[in-house]
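The following paragraphs offer a guided reading of one protein structure, for use alongside the sequence and the coordinates.

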Amino acid sequence: MAQEKINRVVLVGTGFVGSSYAFALMNQGIADELILIDANAEKALGDVMDLNHGKVFAPNPTAIRLGDYEDCKHADLVVICAGANQKKGETRLDLVSKNLKIFKEITESVMQSGFDGIFLVATNPVDILTYATWKYSGLPQEKVIGSGTILDTSRFRYLLGDYFKIAPNNVHAYIIGEHGDSELPVYSTADVGGIPVMKMIERNSTYKKEDLDEIFKNVRDAAYQIIERKGATYYGIAMGLVRITRAIFHNENCVLTVSARLDGQYGESDVYIGVPAVINRDGIREIVELDLSEDEQSKFRRSAGVLKEILAPFWPGDAPA
C-alpha cells in the first residue's frame, strides 16, 4: 500500500535543544507527524506524553509518538540534536571527538532504514558534525544542512535592533563563518530599514563604531554567557531549527544563514560553514555569495581554516590545505 504523503519529522535526541524544538514545532503546527528517538527511551516517551497533553491548544493536530530508526525510512526530515553537551568553560570544538563517534552510529542507523530525505544538524560543533553527517550518509550535499550561524544572525539582528531602536525583523545583517569563536559580522551589507549600518553611524553622532564592536562581542560570546547563567542554550536554537523546517516544508526559497558545503564560493571548498543560502523543499538550492570587504574575506578565510584544521585528522585526504 502506498505511503500517505505527509510532512514527517524524526527528531534524534530529546535533550534541552531537541525537546525545545519539538515544543516549538508543535506550537507552530508545521509538521504533520513528529517521531522522537533518544537513547533514553523513557525520557523520550515522557516528552511524547507531555507534548500530546498540550495538543488541544496547538494550531494543528501534529501526531507525536515515540519511534526508532526504522521510522526514518518515510521521514522527510531527520533533525539531529543528540550528542554530548557543551560544558562550562568548554568550546564547541572541544566536543569533536566525542560527538563524531555518536554521529557515525546515528547516521548509519538512519541510512540503514532507507532514508532519502534531508538531514538537519544542530549538535555542536555544528559545522564539523554536519560535514561528518554528509560523509557518513553519502547523501548529496544539498540534502545535509547544519543550523550554522542562524542563531548568531538572530542574536545579531536582535542586538542591532535594540541599539538602533528598530524591530529586529527590519534589521538585515549576517553573521557568517564557523558557529563559534572565529565567526564574523558582515557590516559591509548590513542595513536597518534599508539604510546601511555604517551610514546610520555617519549620520548620527549618537551611534559609534566601537558600540558595534561590543555588539558583535556579545553575539559571539552569547552561548558562554547563557551557559554561565543557566547551564545550556536551547530556546533560541530551537526556534532557528523550526524556521529552517518551515522553509523546507513550505518550499519557501528563503535566505537563511545555515551550515552549507562550499564548492568554490567565497574562495573555499570542501568545508561546511555558516553562509546565507536559499532553502526550499529540496534542501539547499544555492549559496548566496555576499560581496565581502577585504577584511571580511580575510576573516572568513581564517574561520574556514579553523574548521579545516579540525577536519584534517579525520578526513586527511579530503580537507584541502
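**From a loop to the pockets**

Asn 251 is located in the loop that runs between H9 and S10. The model is a predicted one, and the backbone of this loop is a suitable place to begin. The phi angle of Asn 251 is near 50 degrees, a positive value in a residue other than glycine. Asn 253 belongs to the loop between H9 and S10 as well, and its phi, near 55 degrees, is again positive in a residue that is not glycine. Most residues other than glycine have a negative phi, and most peptide bonds are trans. With a relative accessibility of 40%, Asn 251 counts as partly exposed; Asn 253, at 33%, also counts as partly exposed.

Glu 252 has a relative accessibility of 28% and is therefore classed as partly exposed. Its side chain meets that of Arg 246 in a salt bridge, with 3.3 Å from N to O. Arg 246 is partly exposed too, at a relative accessible area of 27%.

A further backbone feature is found in another loop. Asn 124 and Pro 125 are joined by a cis peptide bond, for which omega is about 0 degrees. Pro 125 is placed in the loop between strand S5 (118-121) and helix H4 (126-137).

The elements on either side of the loop that holds Asn 251 also lead to a pocket. The second largest pocket encloses about 460 Å³ of space. It is lined by 21 residues, of which Ile 150, Thr 153, Ser 154, Arg 157 and Leu 256 are the closest to its centre. Two or more lining residues come from each of H5, strand S7 (171-176), strand S8 (184-192), helix H9 (235-249) and strand S10 (254-263). H5 gives the largest share, six residues. By class, this lining comprises 10 nonpolar, eight polar and three charged residues.

Which helices supply at least two residues each to the lining of the largest pocket? They are helix H1 (16-28), helix H3 (96-112), helix H5 (150-164) and helix H8 (222-230). H5 thus contributes to the lining of the largest pocket and to that of the second largest pocket. In the largest pocket, however, the largest share comes from H3, with four residues. The space in the largest pocket amounts to about 790 Å³. Its lining numbers 35 residues, and the closest to the centre are Cys 81, Ala 82, Gly 83, Ala 84 and Asn 85. The lining is made up of 17 nonpolar, 14 polar and four charged residues.

Attention now turns to charged side chains. In the whole structure, 16 salt bridges are found. One of them joins Lys 43 to Asp 47, with the closest N and O atoms 2.6 Å apart. Both residues lie in helix H2 (residues 41-53), where a spacing of four residues corresponds to about one turn of the helix. Are the two partners buried or exposed? Lys 43 counts as partly exposed because its relative accessibility is 34%, whereas Asp 47, at 15%, counts as buried; the cut-off for buried is under 20%.

A second pair within a helix is formed by Lys 199 and Glu 202, whose closest N and O atoms are 3.9 Å apart. These residues are three positions apart in helix H6 (residues 197-203), so about one helical turn separates them. Lys 199 is partly exposed, with a relative accessible area of 35%, while Glu 202 is exposed at 61%. Beyond such pairs, Arg 8, Glu 33, Arg 65 and Asp 71 are linked in a network of salt bridges.

The surface also carries a nonpolar patch. Leu 45, Met 49 and Leu 66 form this patch, and together they have about 220 Å² of accessible area. Leu 66 is part of strand S3 (residues 63-66). Its relative accessible area is 31%, and Leu 66 is therefore partly exposed; a residue needs over 30% relative accessible area to enter a patch.

A last point concerns Lys 217, which is found in helix H7 (residues 209-220). Its relative accessibility of 39% places Lys 217 among the partly exposed residues. Lys 217 and Thr 206 are separated by 11 residues in sequence and by 20 Å in space, taken from C-alpha to C-alpha.

Terms used. Residues are numbered from 1 along each chain as its sequence is written. This is a predicted model: local features need pLDDT of at least 70, side-chain atom pairs count only at pLDDT 80 or more; totals for chains, interfaces and linings use all residues. Side-chain values use heavy atoms; hydrogens and water are left out. On a 1 Å grid over the protein atoms alone, a cavity is a set of points where a 1.4 Å probe fits but cannot get out, and a pocket is an open set with protein on both sides within 12 Å along at least five of seven lines; lining residues have an atom within 4 Å of a point. Grid points are joined across faces, edges and corners, and a volume is the space filled by probe spheres set on the points. Ala, Val, Leu, Ile, Met, Phe, Trp, Tyr, Cys and Pro count as nonpolar, Asp, Glu, Lys and Arg as charged, and the others, Gly among them, as polar. Patches are made of residues with over 30% relative accessible area and no salt bridge: like charges are joined within 9 Å, nonpolar side chains (Val, Leu, Ile, Met, Phe, Trp, Tyr) within 5 Å. Accessible areas come from the Shrake-Rupley method with a 1.4 Å probe; for residues, only the protein chains shown count as cover. A salt bridge is a side-chain nitrogen of Lys or Arg within 4 Å of a carboxyl oxygen of Asp or Glu. Buried means under 20% relative accessible area, exposed over 50%, partly exposed in between (1.4 Å probe, protein chains only).
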